[in-house]
Amino acid sequence: AKAEGKGVARRFDPTQFAAAEQRRREEADLCRALDDGEFEVYYQPIVDLDGERTVGVEALVRWNHRERGMLPPAAFLDMAETLGLLPRLGGWVLEEACRQAAVWQAQAPGFELNVNLSASQLGNPALIDEVRAVLERTGLPPALLVLELTESVALVDLIESARVLGALKQLGVRIALDDFGTGFSSLSHLGTLPVDVVKIDKSFVQAMQESNGASVAEAVLQIARTFRLAPVAEGVEDATQASRLRELDCAQAQGYHFARPMPAVDLTALLTRQAAL
Ligand code: C2E
Ligand code: CA
Ligand code: CA
Ligand code: CA
């Protein structure tokens, strides 16, 4: 290729130009959607494995896009984080979910709420004041709020994370380590981070069928017990997995076998049916 050919390519590559253009459109669309209130919170039940009653929910964000329909977090969360929009989006999810969970207390006293925290939220110095203010505004008792974060989020700055989580716990909220067991050195952090709950990653639950799979799940549960952490199994998709987890003394679980994430109105209906039982 000739030298000037390369120079031309650097100035204008139609494929790259189209990709950059597409990205700019998506970014603008995401900002617009935040202003237009196109985001929704879905709630997935967390059940008590004995009795299978719904004892709480995990809040999971959705984008109800005006043209593309309901989008899962995988379609927009990374971009929102890159654009610095997650503190705003995450703050909205927290307030909306706390407001809803406070309403559910009338139907189901003690009903718990789990909310995910992103790396940028944890790194935001205003987080502690924001959580305190949201609890005050919504009236949700702090003991009913569980903030979930993954190891990779906590590991951005372990010492700082430990300090922020400690301050959050002072407010009375609990902390859950999400996707537990998938990180490289989960054990070393359990001593440093003030964690109350571990969410056993779905990969362990789904591997229970395979040979040795049950012993891996058992080992992960044993670690939780050793550190006096309450385990919640994630991604439970069938009755066999549920009964094995029950045998392993895992108290709580979440997964399609019990219920999929759903809009608030459907969760209200579920609580009404449950109260009538
Ligand atoms: P996560 O925190 O690990 O949430 C659990 C994910 O597993 C959810 O996906 C849920 O729908 C899915 N799931 C539940 N039961 C089953 C099952 O039985 N089988 C399988 N295969 N999957 C199951 P979703 O809603 O698409 O969320 C994906 C991730 O996006 C979440 O993973 C979380 O990391 C992130 N996310 C969702 N909402 C928020 C939010 O408000 N803030 C932040 N920072 N992250 C969020
Ligand atoms: Ca989670
Ligand atoms: Ca998880
Ligand atoms: Ca995850």
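In this predicted model, the calcium ion (ligand 4) has as its protein donors Asp179 (OD) and Asp179 (OD), which lie 2.5 to 3.1 Å from the ion. These distances fall under the cut-off applied to calcium, for which N, O and S atoms within 3.2 Å of the metal count as donors, and since water is not among the atoms, a site may look incomplete. The residue that supplies these donors, Asp179, is part of strand β6, which covers residues 174–180. Asp179 also coordinates the calcium ion (ligand 3), and the two ions, ligand 4 and ligand 3, are 4.1 Å apart.

The calcium ion (ligand 3) is coordinated at 2.2 to 2.5 Å by Asp178 (OD), Asp179 (OD), Glu234 (OE) and Glu234 (OE). Along the sequence, the donor residues of this ion follow the spacing D-D-x54-E. Asp178 belongs to strand β6, whereas Glu234 sits in the loop between β8 (230–233) and α12 (239–247), so this pair ties together parts of the chain that are 56 residues apart in sequence.

A further site is formed around the calcium ion (ligand 2), whose protein donors are Glu58 (OE), Asn116 (OD1), Glu148 (OE) and Asp178 (OD), at 2.1 to 2.3 Å from the ion. The spacing of these donor residues in sequence is E-x57-N-x31-E-x29-D. Here too distant parts of the chain are linked, with Glu58 in strand β2 and Asp178 in strand β6 standing 120 residues apart. Asp178 acts as a bridge between the calcium ion (ligand 2) and the calcium ion (ligand 3), and the distance between these two ions is 4.1 Å.

Attention then turns to ligand 1, around which there are 21 residues, and of these Arg62, Asp178, Lys202, Glu237 and Tyr256 come nearest. Sorted by class, the shell around ligand 1 consists of 9 nonpolar, 5 polar and 7 charged residues. Strands β2 (54–65) and β6 each supply at least two residues of this shell, and β2 gives the most, with 4 residues.

Several polar atoms of the protein can be placed beside ligand 1. A polar backbone atom of Val61 is 3.1 Å from a nitrogen atom of ligand 1, while a polar side-chain atom of Arg62 lies 2.9 Å from an oxygen atom of ligand 1. A polar side-chain atom of Asn116, a residue that is also a donor of the calcium ion (ligand 2), lies 3.2 Å from an oxygen atom of ligand 1. Taken alone, ligand 1 exposes 810 Å², and the protein buries 82% of that area. The space that ligand 1 takes up is the largest pocket.

Methods
Residues numbered from 1 in each chain as written. Chains lettered and ligands numbered in written order. Predicted model: local features only at pLDDT ≥ 70, side-chain atom pairs only at ≥ 80, totals over all residues. Heavy atoms only, no water. Donors = N, O, S within 2.8 Å, 3.2 Å for Na, K, Ca; no water. Near = heavy atom within 4 Å. Polar contact = N/O pair within 3.5 Å; in protein donor to acceptor, adjacent residues only side chain to side chain. Areas by Shrake-Rupley, 256 points an atom, 1.4 Å probe, with all protein chains shown as cover. 1 Å grid on protein atoms, 1.4 Å probe; cavity = no way out; pocket = protein on both sides within 12 Å on 5 of 7 lines; lining within 4 Å. Sits in = over half its atoms within 2 Å of the grid points. Nonpolar A, V, L, I, M, F, W, Y, C, P; charged D, E, K, R; others polar.
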